Number of protein chains: 2
Amino acid sequence: MKQKVTLKQIAKELDVSISTVSKALKDSVEISLDTRQKVKAFAKLYNYKPNNIALSLKNRKTKTIGVIIPEIVHHFFTTVIGGVEKVANEKGYNVIICSSNNSFDKEVINMEMLASGSADGFILSVAKETQLKKDYHHIEETMSQGMPVVLFDRIIDEIVCDKVIIDDAKGAQTATNHLLSIGCKKIAILTTVDYISVGKLRTNGYLRALRAYDIPEKEEYILKIEDIDNCESEIKEFLKDKDIDAIFAVNELFAVTAAKVLDEHGKKVPDDVAIIGFTDGILSKHFIPSLTTISQHGEDMGIRAAKLLIDKLEGDEAVTEEYRTVIIDTNLIHRQSTKKNKE
Amino acid sequence: MKQKVTLKQIAKELDVSISTVSKALKDSVEISLDTRQKVKAFAKLYNYKPNNIALSLKNRKTKTIGVIIPEIVHHFFTTVIGGVEKVANEKGYNVIICSSNNSFDKEVINMEMLASGSADGFILSVAKETQLKKDYHHIEETMSQGMPVVLFDRIIDEIVCDKVIIDDAKGAQTATNHLLSIGCKKIAILTTVDYISVGKLRTNGYLRALRAYDIPEKEEYILKIEDIDNCESEIKEFLKDKDIDAIFAVNELFAVTAAKVLDEHGKKVPDDVAIIGFTDGILSKHFIPSLTTISQHGEDMGIRAAKLLIDKLEGDEAVTEEYRTVIIDTNLIHRQSTKKNKE
DNA sequence: GAACCTTACGCAAACGTTTGCGTGTGGAAA
DNA sequence: TTTCCACACGCAAACGTTTGCGTAAGGTTC
């Protein structure tokens, strides 16, 4: 089994020095044309590829971006990654993806691992547990070692760095407004517990929209779901005999689960109850009825995040000291789940 | 801005040699207890972490697994990655994920990039284009340089290496049998073009099942979809006025799209037409009606693939020379889309 | 033939580690 | 006082690169 060929081996075979080989491959004028050609031919023959590790060590940078997300099996996050990869590949960067699995410890471990030489900077959406614990030492430590961090989606206000977010409250308000505009009056919200930043913001947007329409908020219309994986039972309980004409769900899963429960109760979507979701994933698109939703433009978020990071990585000191927060526009995607006949 | 602290800096501060620091941190008996404690205290204070890059260079291994998949925004592939990560983390490996986007060129580029120092071995599902082109030089080259490769799902028969697959034909046969067993006689299949290995295998399984039941295969019941992203129009055209009582779809998207088209035609699933899919993703689970399907156990595939790879990486020569093909069991998940009333 | 200039290459340091071996210091034994 | 032995530490090489600088060989100029 062949081993990877190095400069040293080529040098030995051709009876020249390592530096000659290195320079020849780079077409340095220091080396005679003859030698250059010989070396290059030999290198091609043996399929020489410079060793990235050695280059990283020498250059003190890895040309690699570390991405840490709470879940890997998650449509929104993968679209973001898609965007990151796009930009990264264009600019000659590699992407390492790690999932924290919503665990604080795993987030810390992954971050430390990547920070100790494997990546030049981070794109990060923090784990649920991290938001709960409010322990951000690993992020601060990483930044204090000179590695830029870009936070996206689930961000942390207390940390000063580049951020890419959507205006969750505004998106939620738009969603709720849409329900109001088609004549719904009794609008329930299925949301997460408050320590999830985006959940709280979306709840706020919902409340804001109601207030703007002078509709009193009702405790009984708000369900804050704790255990996302078992949301069905909570939603079932919540929806039982509830007199509502619309539901705003802060994510796809809540939306389709609600649809399912309504279906079981013999209620029709959208005629009896309209539904609007958040995040334009495959579920919303392919569900029957297809779900009206707020698109988060995950790929754009990834693109912007990657650009911010690479700017920091390649920028001079001036750029480095200035932090930006990019807000990605959301927009309402009209589908069947909010098409009232009375409209 | 602090920079990352190195052994050299600690050594200078403490006025000892680099090797003393290194040994002290490793609790070498060569170093006096006093010095050891001093060094360790200092290292902790400055949050010293050994530089992975330097270690990789020295050890000639990176403790990193490269995973290349055709698509990142894809439920099945992400579940596989989840499995890989699980095992990798347990064994102290890092995981780098790259997507080829189903492009041959990107697959080659990613592979070469990772092969030149960033990863010790690969877990790979080949791009559609690669299957079409039948050009596998990059994989062969990587293997000939001593880096183990594990192929999964979309594998290549011609390449001799470890593989993790499901028995696609058998799974398809099981699916078709199920349809037959509930009384369906006119079973259509929505499949991919033949150069996609898994698609072809599933088509074969379908045909095998029909033959076993002595049902003649009909050309008009078979749709080979070329452009997956625009499958809806093809399916619509195909299903128009077709007299069938069941559909076997080789993936989720085809299954739900068929359901949607049927819905538009006023046909009921499962009463008029039963549907069975392949791959147990979120769509199948949450669709109304929920879809009966063949589970591929993506996470298990990832786990097995990672284990095979790590065995190769850490094994001695004996293990290295022997290649295994692991076949993961599929199983039928009964849901509503095949619950005939007549049953 | 001396002085000088090109040309074409090699040396060595550096990136941050690890580790086998060499060595200076001190104390104990003879 | 000499010899010897632990003990505690430093040296240097190695992993694979890149690159500034030094230098030998050969040619040109006067």
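Is Glu112(B) buried or partly exposed? At 27% relative accessibility, Glu112(B) counts as partly exposed. The close-ups below start with this residue and then move through other corners of this predicted model.

**View 1. A salt bridge joins Glu112(B) to Lys49(A).**
Here the two side chains meet with N and O 3.7 Å apart. The pair crosses between chains. On one side, Glu112(B) sits in helix 6 (residues 104–118) of chain B. On the other, Lys49(A) belongs to the loop between helix 3 (33–45) and helix 4 (52–59) of chain A. Lys49(A) has a relative accessible area of 32%, so this lysine is partly exposed. Side chains of opposite charge can pair when their charged atoms come close. Over all chains, a search of the whole structure finds 30 salt bridges, and the next two views show some others.

**View 2. In chain B, Lys224(B) and Asp194(B) form a salt bridge.**
The N to O distance for this pair is 3.1 Å. The contact ties together distant parts of the chain, with the two residues 30 apart. Lys224(B) comes from strand 7 (residues 222–225) of chain B, while Asp194(B) comes from the loop between strand 6 (187–192) and helix 10 (197–212). Look at the accessibility of each partner: Lys224(B) is partly exposed at 37%, and Asp194(B) is partly exposed at 34%.

**View 3. Chain A has a salt bridge between Glu237(A) and Lys240(A), and a network around Arg36(A).**
In the pair, the closest N and O atoms are 3.9 Å apart. Glu237(A) counts as exposed because its relative accessibility is 53%, and the cut-off for that class is over 50%. Lys240(A), at 48%, counts as partly exposed. The network is made of salt bridges that link Asp27(A), Arg36(A) and Lys40(A).

**View 4. Four basic residues of chain A gather in a patch of positive charge on the surface.**
The members to find are Lys91(A), Arg304(A), Lys307(A) and Arg324(A). Lys91(A) is in the loop that runs between helix 5 (75–90) and strand 2 (94–99) of chain A. With a relative accessibility of 39%, Lys91(A) counts as partly exposed.

**View 5. Strand 5 (residues 162–166) of chain A is largely enclosed by the rest of the structure.**
Why is strand 5 described as largely enclosed? Five of its five residues are buried, so the rest of the structure largely encloses this strand. In a regular strand the side chains alternate between the two faces of the sheet. Both faces of strand 5 are covered: one side carries Asp162(A), Val164(A) and Ile166(A), and the other carries Lys163(A) and Ile165(A). Strand 5 also runs parallel to strand 11 (residues 325–328) of chain A, and four bridges join the two. Within that pairing, Val164(A) has Val326(A) as its bridge partner.

**View 6. Strand 4 (residues 149–152) of chain A pairs with strand 5 and with strand 3.**
With strand 5, the pairing is parallel and spans three bridges. Val150(A) stands opposite Asp162(A) in strand 5, and the bridge partner of Leu151(A) there is Lys163(A). Strand 3 (residues 121–124) pairs with strand 4 in the parallel sense too, over three bridges, and Leu124(A) stands opposite Leu151(A). Leu151(A) is therefore a handy residue to centre on, with Leu124(A) in strand 3 and Lys163(A) in strand 5 as its partners. Val149(A) and Leu151(A) point one way from strand 4, Val150(A) and Phe152(A) point the other way, and all are buried.

**View 7. Asp311(A) lies in helix 14 (residues 298–314) of chain A.**
Asp311(A) has a relative accessible area of 45%, so this aspartate is partly exposed. How far apart in space are Asp311(A) and Asp241(A)? From C-alpha to C-alpha they are 54 Å apart, with their positions 70 residues apart in sequence.

**View 8. Ala212(B) lies in helix 10 of chain B.**
Ala212(B) is exposed, with a relative accessible area of 61%. Asn177(B) is 35 residues away along the chain, and the C-alpha atoms of the two residues are separated by 9.1 Å.

Conventions
Residues numbered from 1 in each chain as written. Chains lettered and ligands numbered in written order. Predicted model: local features only at pLDDT ≥ 70, side-chain atom pairs only at ≥ 80, totals over all residues. Heavy atoms only, no water. Patch = residues over 30% accessible without salt bridge, like charges linked within 9 Å, V, L, I, M, F, W, Y side chains within 5 Å. Areas by Shrake-Rupley, 256 points an atom, 1.4 Å probe, with all protein chains shown as cover. Lys, Arg positive; Asp, Glu negative; His and termini not counted. Charge placed at Lys NZ, Arg CZ, Asp CG, Glu CD. Buried < 20%, exposed > 50% of the residue type's maximum accessible area, 1.4 Å probe, protein only. Pairing = 2+ DSSP bridges.
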